[in-house]
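Visitor: Please take one part of this model and go through it slowly.

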Amino acid sequence: MTTLVDKPKTVQTSEGKLESQNVFLAPEINAFGRAFRDYDAESERQKGVEEFYKKQHINQTYDFVKKMRAEYEKLDKAEMSIWECCELLNEVVDESDPDLDEPQIQHLLQSAEAIRKDYPNEDWLHLAALIHDLGKILLLPKFGGLPQWAVVGDTFPLGCAFDEANVHHKYFKENPDYKNPAFASKNGIYKEKCGLDNLVISWGHDDYMYMVAKKNNTTLPPPALFVVRYHSFYPLHKHGAYKHFMNDEDVENLKWLHIFNKYDLYSKSKVLVDVEKVKPYYISLIDKYFPKKLRW
C-alpha cells in the first residue's frame, strides 16, 4: 500500500536550522502569458478550444463510449515499448489545451521531472507522470486516427446528469443522452458510492492508457493507475462534482491525484527538457514496472 506523505516546505539541517526546500512552485501564468485553464479569455486558441468542447460534448455519448471500449480493449493496434510510445507523441499537439502547444513528449517530461524533484522516493509517481498522456496516440492513423474530441479534453461520466462544473456545459444540451430520462437524474443509472471504476467515463486517452497498463500486467500501484485514468476528470478533482460516486479507495487515491495535478497543469513551459539526458532514468523505471513490449 502506498502511504501519502505531505511534502514539507522546510527541512531540519545538521545545524538545527530550518531551511526552505527547493520545491516546485506553481507559476501564475501559462506559456501564453495568461491564467491557466482560462476558457473565457479572447484569443484564437481559446476559440479553437471552445469549438473542440462543443464537438466533444455533443458526440461523447454512453453508447459511443461502450463501443470504443469494446474496440480498443482488443489491444490489436501495435506492439511496442513505453519509450517508443513516448517518442510517437512528438507528432501530437493537444487542441483542447489552452495552456501549451508544444509536442506532448515535452509535457510528459516536464511534469515527471518536476515531481521527481519534489518526491524523489516516489518513483512510481514519476513514471505515472511520464505515461499519463500516452493514450493520445489514438490521434495517429495507426491507432485509429480518432478525432480530437474522442481523445483529449476534460472527461465526465455518461449515464447520469451532466454536472454544470463541466467546462462549456451549455453544449451538452445537443448531446442525444441529454434527452434520455434514464440519464437525467444526479445518479442516473448508478448508485451512490458505487466506485469510479463502475462509471462509464467519456472515452479518451486516460481510459485507453489505463486499459493498456492493466492488460499488460503493469506492477504500478493502484494510485498510479488512478492518476492515469482520472487525471482529465477535472469536474471531480478540481470542482468536486460527482464525488457522491466515490468509494473509500477512490477517496484515498484522490489525494495522490491532487498532488499530481499540480505538476500536470503548472509544469507546462516553453523551457524544454533535455530528452537524452533524462532518458536513462525513465528507461530504468519502465523496466521496473512494465514488460519490454506492450500490446496497444
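Visitor: Which way do helix 4 and helix 5 run relative to each other, roughly parallel or roughly antiparallel?

Guide: The model is predicted, so local features need pLDDT of at least 70, side-chain atom pairs count only at pLDDT 80 or more, and totals for chains, interfaces and linings use all residues. Residues are numbered from 1 along each chain as its sequence is written, and side-chain values use heavy atoms, without hydrogens or water.

Helices here are DSSP runs of H or I with at least four residues, numbered from the N terminus. Helix 4 spans residues 104-118 and helix 5 residues 123-131; they pack at about 165 degrees with axes 7 Å apart. Axes are lines fitted to C-alpha atoms over the stretch in contact, and angles run from 0 to 180 degrees between N-to-C directions. Angles over 145 degrees count as roughly antiparallel, those under 35 as roughly parallel. Helix 4 and helix 5 are therefore roughly antiparallel.

Their crossing is right-handed, meaning that the near helix is turned clockwise from the far one by less than a right angle. Contact means heavy atoms within 4.5 Å. On the helix 4 side, L108, L109, S111, A112, I115 and R116 take part, and they meet L125, H126, A129 and L130 of helix 5. By class, this contact has seven nonpolar, two polar and one charged residues. Nonpolar covers Ala, Val, Leu, Ile, Met, Phe, Trp, Tyr, Cys and Pro; charged covers Asp, Glu, Lys and Arg; the others, Gly among them, are polar.

Conventions: Helix = DSSP H or I, 4+ residues; strand = E, 2+ residues; numbered from the N terminus. Parallel < 35°, antiparallel > 145°, perpendicular 65-115°, else oblique.
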